[in-house]
Amino acid sequence: MDIVRRLKEDHEELQAAFTNLMSSEINDPEAYGRSFIDLMIALESHEKAEELTIYAQLASDLDIRPIALQSLEEHRIARILMRELADVEMTEEVWIPKLVVANNLVSLHIQIEEGNVLPIIEQMFDEDAREKLDRDFDMVHRSTVQQLRS
């Protein structure tokens, strides 16, 4: 698979998971909590895989480095928000507002990434290189999911 296609698919899944959480009632806190943990793991593993593959490559180009650094900072802030959410009871008044802010940040990040970063990847890397990036991304992603679930 091409890394650009993989990232777009992952982005759709992440946005759908955020939407599902924000539109769900917390009638079953245990199930809702599992959905949040699944989202948190999916997001963190996606971010780490991006950081160790595509952003590591992009950061080595001095002209593109500022874009990579901005994305890394957005990842850092998203992780902080998600970890703060993990420490808040879902029934607390601040839960939904924090979730909405995390969703908004991730949505904006995805828009910027798909509008600016993915075209750069398509220009910088030929098909074989993009497929290798995808394999590397998949390896890091799977490993991170396994670590986070253990």
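This is a chat between a biologist and a modeller about the predicted model shown above.

Biologist: Hi! Starting simple, how many helices and strands are there in the chain?

Modeller: Hi! This is a predicted model, and its chain has 6 helices and 0 strands. Reading along the sequence gives the pattern α-α-α-α-α-α.

Biologist: Thanks. What does the radius of gyration say about the chain?

Modeller: The chain comes out at 16 Å, and a compact globule with 150 residues would be near 15 Å, so the two agree. As for its extent, the C-alpha trace spans about 50 × 25 × 20 Å along the principal axes.

Biologist: And what share of the residues is buried?

Modeller: Buried residues account for 42% of the 150 in the chain. The area exposed by the chain is about 8,400 Å², with 50% of that supplied by carbon and sulfur atoms.

Biologist: What about contacts between residues far apart in sequence, how many of them join residues at least 24 apart?

Modeller: Taking contacts between residues at least 6 apart in sequence, 78% of them join residues at least 24 apart.

Biologist: Switching to charge now. How many positive and negative side chains are there?

Modeller: There are 15 positive and 32 negative side chains in the chain. The centres of those two sets lie 5 Å apart.

Biologist: I like aromatics. How many aromatic pairs turn up in the whole structure?

Modeller: The search finds 2 aromatic pairs. One of them is Y32 with W95, with ring centres 6.2 Å apart and planes at 65°, which makes the pair edge-to-face because the angle is over 60 degrees.

Biologist: Where do Y32 and W95 sit in the chain?

Modeller: Y32 is in helix α2, residues 29-52, while W95 is in helix α5, residues 95-124. That pair links distant parts of the chain, 63 residues apart.

Biologist: Are Y32 and W95 buried or exposed?

Modeller: Y32 counts as buried, with 4% relative accessibility. W95 is buried too, with a relative accessible area of 1%.

Biologist: And which rings make the other pair?

Modeller: That would be F36 and W95, with centres 5.0 Å apart and planes at 75°, so this pair is edge-to-face. F36 lies in helix α2 and W95 in helix α5, so the pair ties together parts 59 residues apart in sequence. F36 is buried, at a relative accessible area of 4%.

Biologist: So which residues do the ring pairs link into a cluster?

Modeller: Y32, F36 and W95 are linked into a cluster by the ring pairs.

Biologist: Staying with helix α5 for a second, I noticed P97. Is P97 buried, exposed or partly exposed?

Modeller: P97 is found in helix α5, and at 45% relative accessibility P97 counts as partly exposed. The cut-offs behind that are under 20% for buried and over 50% for exposed.

Biologist: How many Å separate P97 and V145?

Modeller: Their C-alpha atoms are separated by 27 Å, and P97 and V145 are 48 residues apart along the chain.

Biologist: Last topic, T144. Where is T144, and is T144 buried or exposed?

Modeller: T144 has its place in helix α6, residues 127-149. With 4% relative accessibility, T144 counts as buried.

Biologist: Which residues is T144 in contact with?

Modeller: If you leave aside the neighbours within four places in sequence, T144 is in contact with S45 and K48.

Biologist: And how many Å apart are T144 and D2?

Modeller: From C-alpha to C-alpha, T144 and D2 are 20 Å apart in space, with their positions 142 residues apart in sequence.

Biologist: Lovely, thanks for the tour!

Definitions and conventions: Residues numbered from 1 in each chain as written. Predicted model: local features only at pLDDT ≥ 70, side-chain atom pairs only at ≥ 80, totals over all residues. Heavy atoms only, no water. Helix = DSSP H or I, 4+ residues; strand = E, 2+ residues; numbered from the N terminus. Rg over C-alpha atoms; globule rule 2.2 N^0.38 Å. Buried < 20%, exposed > 50% of the residue type's maximum accessible area, 1.4 Å probe, protein only. Contact = heavy atoms within 4.5 Å. Areas by Shrake-Rupley, 256 points an atom, 1.4 Å probe, with all protein chains shown as cover. Lys, Arg positive; Asp, Glu negative; His and termini not counted. Charge placed at Lys NZ, Arg CZ, Asp CG, Glu CD. Phe/Tyr/Trp six-rings, centres within 6.5 Å; stacked < 30°, edge-to-face > 60°.
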